[in-house]
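Me: I would like to go through this protein piece by piece. Could you help me read its fold?

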Amino acid sequence: MKENQNKTGNSRRNFIKGSTLAMAGFYIVPRHVLGGPGFIAPSDRLRVAGIGIGGMGYNDVSGVYRSGKVDMVALCDVDDTRGQRAREDHPKANYYKDFRVMLEKEEKNIDAVTVSTPDHMHAVQAMMAMKMGKHVYVQKPLSHDIYEARMLTQAADKYKVVTQMGNQGSSGEGVRKMVEWYNAGLIGEATKVYSWTNRPVWPQGIPWPENPVSPPADLDWDLWLGTAPYKDYVGNLVPFNWRGWWDYGTGALGDMACHIMEPPFRVLGLGYPKSAECSVGSVYVGEFQRGYFPDSCPPSSHITLRFDRPGKEDLEFHWMDGGIQPTRPEELEPNEQMGDGGNGVIIEGTEGKMMCSTYGVNPQLLPTSRTKEINVPETEYRVPEGDRGHYNNWVEACIGGYGSKEYDQLSSPFSIAGPLTESVLMGNLAIRSYDYRIPRDGNANQFDYPGRGIKLVWDGPNMKVTNFEPANQFVKREYRGDFTL
């Protein structure tokens, strides 16, 4: 790889030298002459387009721009009002509502793309950019469903582009310290992981609103729906509460697990889970009458994933949301905080335990008094500015190029983010299987729920549940219209 890169670099330098001698006074070589897909201009500046520029999208556009090496060339949002602030910050950037139009028109003018839209649009937007040879930064979760995550992971290598998921804690100090502690044997061999969040902090476990309303004048509702089935616009959905609806979001798991599950996933070098099971919180709409709202994510859940580790015992990995938390470790003092209170991780090992908060912040050995006593050599690469340097970590890798030293220092490339996202979404597959129902003995008013009380056996390489076929309908969605990967 490096030999080929050197040859390419030498040929480019020779071309520049020859062109300069032949054309006295012409010092800037046109980009279309030098560059193929992913090529970075000689000025080491990155030309970026942003898809989704309100809310978190505004943070993403601003974050990459603060590197000082980025020119925002184009901006795209289906909501003019939400996109206004970014447009004011970057008045020279061309503005679009349809990402497909933007990418087609700006293909020769951009090097990289940020994707910061609702979950159901991540994959088609990122894939279109990658097929054009553009580097991509995609908000978490990487995708809405497992199949999309696998396709994006494979595409990153196929098209040789630089990728990063927006789980900024993966660039932080905490996860690196935990890796070093674990590799030094401070807790022995991991046996169990507990992870939890107080999310959702938006409505879930509710029926779809009955009364549609007119969408705001500045919002293109059809473009916002994108890959999702068509429904009339309803209030209290855009711009935030879409997270609680399966057509668009991925619930508490999708929102927080890429932040919270990432530290133990990286520390333990996990891959695909071998099984998943769950219990789900209920909403009762009457006496002994459990509500059934299959369009909405549940108010709370407890997921148990098991990971096969060759030569070792299976790892038991717990996820809890909706305020459910594991039992406090005995090593914690009564008034010590577990995680950050509402969120956290505990890794149990044969010789000890360690704990951290969201994003891997504040890593602690248990009892916490051990933390100050330990001095383990640093062996992991540190991202400058830690989690605040997550954007720049990607920008530098884009400028360095696929396969460069900076590329090897990426915190959350799709090769890591893809399998992590698949494991996260495996929990949602279990939740949706839990609510799968069929009429009981032909009675339209009574139902059985065959996905409850079972363990889903997962064939990771083939993306297939092997013991409950109805679950496989949740591995891959059908897109509306002409959207495709």
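Reply: The following exchange covers the sheets, the helices beside them and some backbone details of this predicted model.

Me: Let us begin with the sheet that contains strand 15. How many strands does it have, and in what order?

Reply: That open sheet has 9 strands in the order 15-14-13-7-12-11-8-18-19, and the pairing is mixed. Its edge strands are strand 15 (364-366) and strand 19 (464-465), each of which pairs on one side only.

Me: In which sense do strand 14 and strand 15 pair?

Reply: Strand 14 (residues 352-356) pairs with strand 15 in the antiparallel sense, over 3 bridges. Within this pairing, K353 has L366 in strand 15 as its bridge partner.

Me: What is notable about N362, and where does it lie?

Reply: N362 has a positive phi of about 55° although it is not a glycine. The residue lies in the loop between strand 14 and strand 15.

Me: And which residue is joined to L366 by a cis peptide bond?

Reply: The partner is P367, and omega for this bond is about -5°. P367 belongs to the loop between strand 15 and helix 12 (369-373). Another cis peptide bond joins R199 and P200, with omega about 15°. P200 is in the loop between strand 7 and helix 9 (221-225).

Me: Which strands does helix 8 lie across?

Reply: Helix 8 (residues 173-183) lies across strand 7 (190-196), strand 13 (344-349), strand 14 and strand 15, and runs at about 175° to strand 14. Helix 15 (residues 414-434) lies across strand 8 (275-280), strand 11 (301-307), strand 18 (456-459) and strand 19, at about 55° to strand 8.

Me: Now to the sheet with strand 1. Is its pairing parallel or antiparallel?

Reply: The pairing is parallel in this open sheet, where 6 strands follow the order 3-2-1-4-5-6. Strand 3 (94-96) and strand 6 (163-165) each have a single partner strand, so one side of each is left without a neighbour in the sheet. From one strand to the next, the twist averages 20°.

Me: How many bridges link strand 1 and strand 4?

Reply: Strand 1 (residues 46-51) and strand 4 (residues 112-115) pair in the parallel sense over 4 bridges. A49 is opposite V113 in strand 4. Helix 5 (residues 99-106) lies across strand 1, strand 2 (70-76), strand 3 and strand 4, running at about 135° to strand 2.

Me: What about helix 6 and helix 7: at what angle do their axes cross?

Reply: The axes of helix 6 (residues 122-131) and helix 7 (residues 146-158) cross at roughly 15° and come within 10 Å. The crossing angle therefore makes helix 6 roughly parallel to helix 7. The crossing is left-handed.

Me: Which residues meet there?

Reply: A123, A126, M127 and M130 in helix 6 meet E148, M151, L152, A155 and A156 in helix 7. By class, this contact has 8 nonpolar, no polar and 1 charged residues.

Me: A change of topic: how do strand 16 and strand 17 run?

Reply: Strand 16 (residues 438-440) and strand 17 (residues 443-448) run antiparallel and are joined by 3 bridges. The bridge partner of P439 in strand 17 is F447. The hairpin has 2 residues between the strands, and D441 takes a positive phi near 50°.

Me: Finally, what does UniProt say about residues 212-268?

Reply: The unreviewed UniProt entry annotates residues 212-268 as "domain: Gfo/Idh/MocA-like oxidoreductase bacterial type C-terminal". In the model, this stretch is 39% helix and 0% strand, with its end C-alpha atoms 47 Å apart.

Notes: Residues are numbered from 1 along each chain as its sequence is written. This is a predicted model: local features need pLDDT of at least 70, side-chain atom pairs count only at pLDDT 80 or more; totals for chains, interfaces and linings use all residues. Side-chain values use heavy atoms; hydrogens and water are left out. Two strands pair if DSSP finds at least two bridges between them. Contact means heavy atoms within 4.5 Å. Axes are lines fitted to C-alpha atoms, for helices over the stretch in contact, and angles run from 0 to 180 degrees between N-to-C directions. UniProt positions are given in the numbering used here, feature names are shortened, and annotations may be inferred rather than shown by experiment. Angles under 35 degrees count as roughly parallel, over 145 as roughly antiparallel, 65 to 115 as roughly perpendicular and the rest as oblique. A crossing is left-handed if the near helix is turned anticlockwise from the far one by less than a right angle, and right-handed if clockwise. Ala, Val, Leu, Ile, Met, Phe, Trp, Tyr, Cys and Pro count as nonpolar, Asp, Glu, Lys and Arg as charged, and the others, Gly among them, as polar.
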